[in-house]
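Hi,

Here is the structure I promised to send over. Have a look at it first, and then read on for what turned up.

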Amino acid sequence: STIEVGWTGPDNRNDYIGIGAAGAVGSDRWENFAYTERGNPAELVMPTEPGAYVIRYFLDQDRVAIAEVPITVTAVAASITAPPTAVAGSTVGIGWTGPDYRNDYIGIGAAGADGSDRWENFAYTERGNPAELVMPVEPGAYVIRYFLDQDRVAIAEVPITVTAVAATLSTKDPVAAAGTVIEVEWTGPDYRNDYIGIGPAGADGSDRWERFVYTERGNPAQLQLPEAPGAYVIRYFMDQDRTPVAELPITLQ
């Protein structure tokens, strides 16, 4: 939380009010600070770890402390409400309670991930409750956590299982004339910016796909075929991470 700290002092250039662990000395890391020139009372952000602390007035020169007062930082409470399962790539409303400090967020990551791991997706709490959180594209066991923006500290979590998304593709004929437009029937989640693409047989997600059409443009999709004859594959791609979830071989002649 942010508290107001009243002070008296010289207010020399770059003097500041700092908070650190009780017993900390000048060489120890101080958690947070606020410059006296920014006003009285000073707006000082508390550390994320509960415990015994001390607030000090520091002269900028040599970081000399000339006044102090003790303070106890108490734990912050939060909770998360989410369904036990969700479909890969879907957007799920996540209920939450918590401090809603500036830039706090709800994140989803692999089960067992810690603060140093990459978190798949997130939604800021300031954008509303429930938070609109996009699920990862890979099925599996995940955990949703409430993070304080300061130090990315997690203060609540709930497990969730992400299930596979279903999609299919079909055309009238497995052989088509190169350079023409064909109709591709599809089923799938039709998430925002999902698309049907065509590329050389054996191409993976890192290869350049020749042509594509967004699913939001209708079903069947009107897909422009490449000019060069050969073996190709049509795939349904989720926009998130360009993940293919269905494919269909086709020969161009």
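**What I found**

Let's start with one residue: Asn14 touches Tyr35, Glu37 and Asp60, leaving out residues up to four places away in sequence. Before going further, keep in mind that this is a predicted model. You'll find Asn14 in the loop between strand 1 (2-5) and strand 2 (16-21). One of its partners, Tyr35, is 21 residues away along the chain, yet the two C-alpha atoms are separated by 6.1 Å.

Now zoom out. How many helices and strands does the protein chain have? It has zero helices and 22 strands. As for overall shape, a compact globule of 253 residues would have a radius of gyration near 18 Å, while this chain comes out at 27 Å. Its C-alpha trace spans about 85 × 40 × 25 Å along the principal axes. If you look at contacts with a separation of 6 or more, 61% of them join residues 24 or more positions apart.

Next, the surface. The accessible surface is about 13,600 Å², and carbon and sulfur atoms hold 48% of it. Of the 253 residues, 39% count as buried. There are 17 positive and 35 negative charges in the chain, and the mean positions of the two sets are 5 Å apart.

What about the inside? In soluble globular proteins, nonpolar side chains tend to be buried together. Here the largest nonpolar core has 21 residues, and Ile106, Leu133, Met135 and Ile144 have the most contacts inside it. Strand 9 (91-97), strand 10 (105-110), strand 12 (131-134), strand 13 (140-148) and strand 14 (153-163) each give two or more residues to this core. Strand 14 gives the most, with five residues. Apart from this core lies another one, of 19 residues, including Trp186, Leu223, Tyr232 and Leu248.

Leu133 is a good residue to click on. Not counting residues up to four places away in sequence, Leu133 touches a long list of others, among them Ile94, Ile106, Phe122 and Ile144. Thr91 is on that list too, so let's go there.

Thr91 lies in strand 9. Setting aside residues up to four places away in sequence, Thr91 touches Glu132, Leu133 and Val134. Is Thr91 buried, exposed or partly exposed? It counts as partly exposed because its relative accessibility is 48%, and the exposed class begins over 50%. Thr91 and Ala156 are 65 residues apart in sequence, and their C-alpha atoms are 20 Å apart in space.

Compare that with Ala52, which is found in strand 5 (residues 51-59). Its relative accessibility is 51%, so Ala52 counts as exposed. Ala52 still has partners outside its own stretch of chain: Ala21, Ala22 and Ile71, again not counting residues up to four places away. Ala22 is 30 residues away along the chain, with 5.5 Å between the two C-alpha atoms.

Last stop: Thr48, in the loop between strand 4 (42-45) and strand 5. Is Thr48 buried or exposed? With a relative accessible area of 15%, Thr48 is buried, because buried means under 20%. Which residues does Thr48 contact? Leaving aside neighbours within four places in sequence, they are Leu148, Gln150, Asp151 and Val153.

Have fun turning it around on the screen!

Cheers

Conventions: Residues are numbered from 1 along each chain as its sequence is written. This is a predicted model: local features need pLDDT of at least 70, side-chain atom pairs count only at pLDDT 80 or more; totals for chains, interfaces and linings use all residues. Side-chain values use heavy atoms; hydrogens and water are left out. Helices (H or I, at least four residues) and strands (E, at least two) are DSSP runs, numbered from the N terminus. The radius of gyration is taken over C-alpha atoms; the globule rule is 2.2 Å times the number of residues to the power 0.38. Buried means under 20% relative accessible area, exposed over 50%, partly exposed in between (1.4 Å probe, protein chains only). Contact means heavy atoms within 4.5 Å. Accessible areas come from the Shrake-Rupley method with a 1.4 Å probe; for residues, only the protein chains shown count as cover. Lys and Arg count as positive and Asp and Glu as negative; His and the chain ends are not counted. The place of a charge is taken as NZ of Lys, CZ of Arg, CG of Asp or CD of Glu. A nonpolar core is a set of buried Ala, Val, Leu, Ile, Met, Phe, Trp, Tyr and Cys residues joined through side-chain atoms within 4.5 Å.
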